[in-house]
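Biologist: Before I rely on any description of this protein, I would like to hear the reasoning behind each term. Could we go through the structure together, with the grounds for each label stated?

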Amino acid sequence: MKTKHIVIVGAGIVGAATAIWLKRSGFDVTLVDKATPGMATSYGNGCILASCSVVPVTGPGLIKNSPGYLADPNFPLFLRWSYVPKLIPWLAKYLSHANAKDAERISKGLTTIVGDSLEQHQSLAAGTRAEKWVQSSLYSFAYADRAAFDADAFTWKLRAEAGFVPELIEGAAVQEVEPILGANTQLLAVLKNHGFILNPASYVQDLVAVLADLGGRFVQAEVKDFDLSGGHVSAVETTQGRIECDEVVISSGIWSVPLMKKLGLNVPLEAERGYHVTLKDPSMRPNNPMMLAAGKFVATAMDQGIRCAGVVEFGGLSEKRSKAPLNLLRRKVKEVFPNLEYASDEEWLGFRPAPSDSLPLIGQVRNTGIYTAFGHHHIGLTGGAKTGRMIAELISGTHPNVDMAAFSPMRFN
């Protein structure tokens, strides 16, 4: 019997993981991307395997509080006002989920994707050249005091329902655990069974090398269209020519939208402009990854320094960086790490793919043989390994032992 050939479009963490799981399942695999693997959105995340990231941004109170957030120069949410008319249709759908019932429903879906992220990445990379990048750790949430922690009660309720209950450390003990923190942080909520990636770009690139070791291949090209002349995909058309195939996986983040339009589907997916600053040669480092509640950013000690990431801006796919988000991030870093010194920093802007209902699209488009694996919003790195395994199971016929309806790529049509 002829071995099925699968083409995967997009060589970020999701595409690389999908390619490896499919190759291990016995398929012939070609991974295609117009850019270098791991150098788009996967490059710039916070490095954390955040298994507890089961809470959508669209919680109760978001609609009421949003005007205040936008008016507050110290809140990490920004808009490019010229983009607002284009944003409104997506934003209306997005805010329609800003209630407790939808947040609880979405949280259950996210838990499926990220709840065992450390185990999934360890399984993906075990025994390969990529293994060295996967680190186990604690994950701390840093608060000014107990009142600030208590204000997040709904968020911690959802995390507890997913199995994540923190140990609380208060007072001077906070600085004993994390000396990098200033005295204005008086509470740590610490979670076990988490991890981080020492260098996300290098990790993805090593995973692509693992694919080659297994007999798969990477082609640098842009996918322009699909051949669906018989109702089922038979090839992808690329800038490097036609690639015959039996099935396709679309895993190219925000750039999946125009490919979905080729299939007659309009997916409500918006580019969330995410920023990071990597602090080079720092005088001290956090002992474990942490989320700084005061600045709504994460800080992770990775091989290039301290990666500080988390500012959000809506303004489309322009590559031009805005000064205000980066200035705020640096200001917040100084506030929470007052004794930290560093030689220089590296700025970055990337585009998180944000579906209007905060859940990724994982599944087959009708019976076309084209599968989707994109739309991971803030959980791309965390959920990439699990998503790849789920797609491989779908294609191989050993269906995932989860309800896939929440992730259906057809749910918006």
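Biologist: Among contacts in the chain between residues at least 6 apart in sequence, what percentage join residues at least 24 apart?

Modeller: Please keep in mind that this is a predicted model. Of the contacts between residues at least 6 apart in sequence, 76% join residues at least 24 apart. The chain has twelve helices and 19 strands, and buried residues account for 57% of its 413 residues.

Biologist: How do you know whether the radius of gyration agrees with that of a compact globule?

Modeller: For 413 residues, the rule for a compact globule gives a radius of gyration near 22 Å, and the chain has 21 Å, so the value agrees with the rule. Along its principal axes, the C-alpha trace spans about 65 × 45 × 40 Å.

Biologist: Which stretches does the domain assignment give to each domain?

Modeller: Domain 1 takes in 5-43 + 202-268 + 358-407, while domain 2 takes in 51-197 + 269-355. Their C-alpha centres lie 26 Å apart, and the contact takes 43 residues from domain 1 and 45 residues from domain 2.

Biologist: Why do you say that the largest nonpolar core lies between the two domains?

Modeller: A nonpolar core is a set of buried residues of certain kinds joined through side-chain atoms within 4.5 Å. The largest one here has 53 residues, and those with the most contacts inside it are Leu181, Phe226, Val248, Ile250, Leu292, Phe297 and Phe337. Because domain 1 and domain 2 both give residues to this core, it lies between them. A second, separate core of 48 residues includes Ile13, Tyr203, Leu211 and Ile391.

Biologist: Which residues does Val248 touch, once those up to four places away in sequence are not counted?

Modeller: Val248 touches Val7, Val9, Phe226, Val233, Val236, Gly369, Ile370 and Tyr371.

Biologist: What makes E8 and E18 stand at the edges of their sheet?

Modeller: Six strands form that open sheet, in the order E8-E2-E1-E12-E19-E18, and the pairing is mixed. Strand E8 (217-220) and strand E18 (361-364) each have a single partner strand, so one side of each is left without a neighbour in the sheet. From one strand to the next, the twist averages 20 degrees.

Biologist: How many bridges join E18 to E19, and in which direction do these strands run?

Modeller: Four bridges join E18 to strand E19 (residues 370-374), and the two run antiparallel; Gly363 stands opposite Thr372 in E19. Helix H1 (residues 13-24) packs on the sheet, where it touches strand E1 (5-9), strand E2 (28-33), strand E12 (247-250) and E19, and its direction makes about 170 degrees with that of E2.

Biologist: Which strands are at the edges of the open sheet with the order E9-E10-E11?

Modeller: This sheet has three strands, with antiparallel pairing, and its edge strands are strand E9 (223-227) and strand E11 (241-244), each of which pairs on one side only. The twist averages 25 degrees from one strand to the next. Strand E10 (residues 235-238) is joined to E11 by four bridges, and the bridge partner of Val236 in E11 is Ile243.

Biologist: Why is Val210 called buried?

Modeller: The relative accessible area of Val210 is 4%, and buried means under 20%, so Val210 is buried. Val210 lies in helix H9 (residues 200-213), and, leaving aside neighbours within four places in sequence, Val210 is in contact with Ile20, Thr128, Arg129 and Ala130.

Biologist: Why does Asp281 count as exposed, whereas Arg366 counts as partly exposed?

Modeller: Asp281 has 62% relative accessibility, and the exposed class begins over 50%, so Asp281 counts as exposed. Arg366 has 42%, which falls between the limits of 20% and 50%, so Arg366 counts as partly exposed. Asp281 lies in the loop between strand E13 (269-280) and strand E14 (290-292), while Arg366 is in the loop between E18 and E19.

Biologist: What is the sign of phi at Asp281 and at Arg366?

Modeller: Asp281 has a positive phi of about 50 degrees although it is not a glycine, and Arg366 also has a positive phi of about 50 degrees without being a glycine. Most residues other than glycine have a negative phi.

Conventions
Residues numbered from 1 in each chain as written. Predicted model: local features only at pLDDT ≥ 70, side-chain atom pairs only at ≥ 80, totals over all residues. Heavy atoms only, no water. Pairing = 2+ DSSP bridges. Axes fitted to C-alpha atoms, helices over the stretch in contact; angles between N-to-C directions. Buried < 20%, exposed > 50% of the residue type's maximum accessible area, 1.4 Å probe, protein only. Domains from an automatic or database assignment. Contact = heavy atoms within 4.5 Å. Rg over C-alpha atoms; globule rule 2.2 N^0.38 Å.
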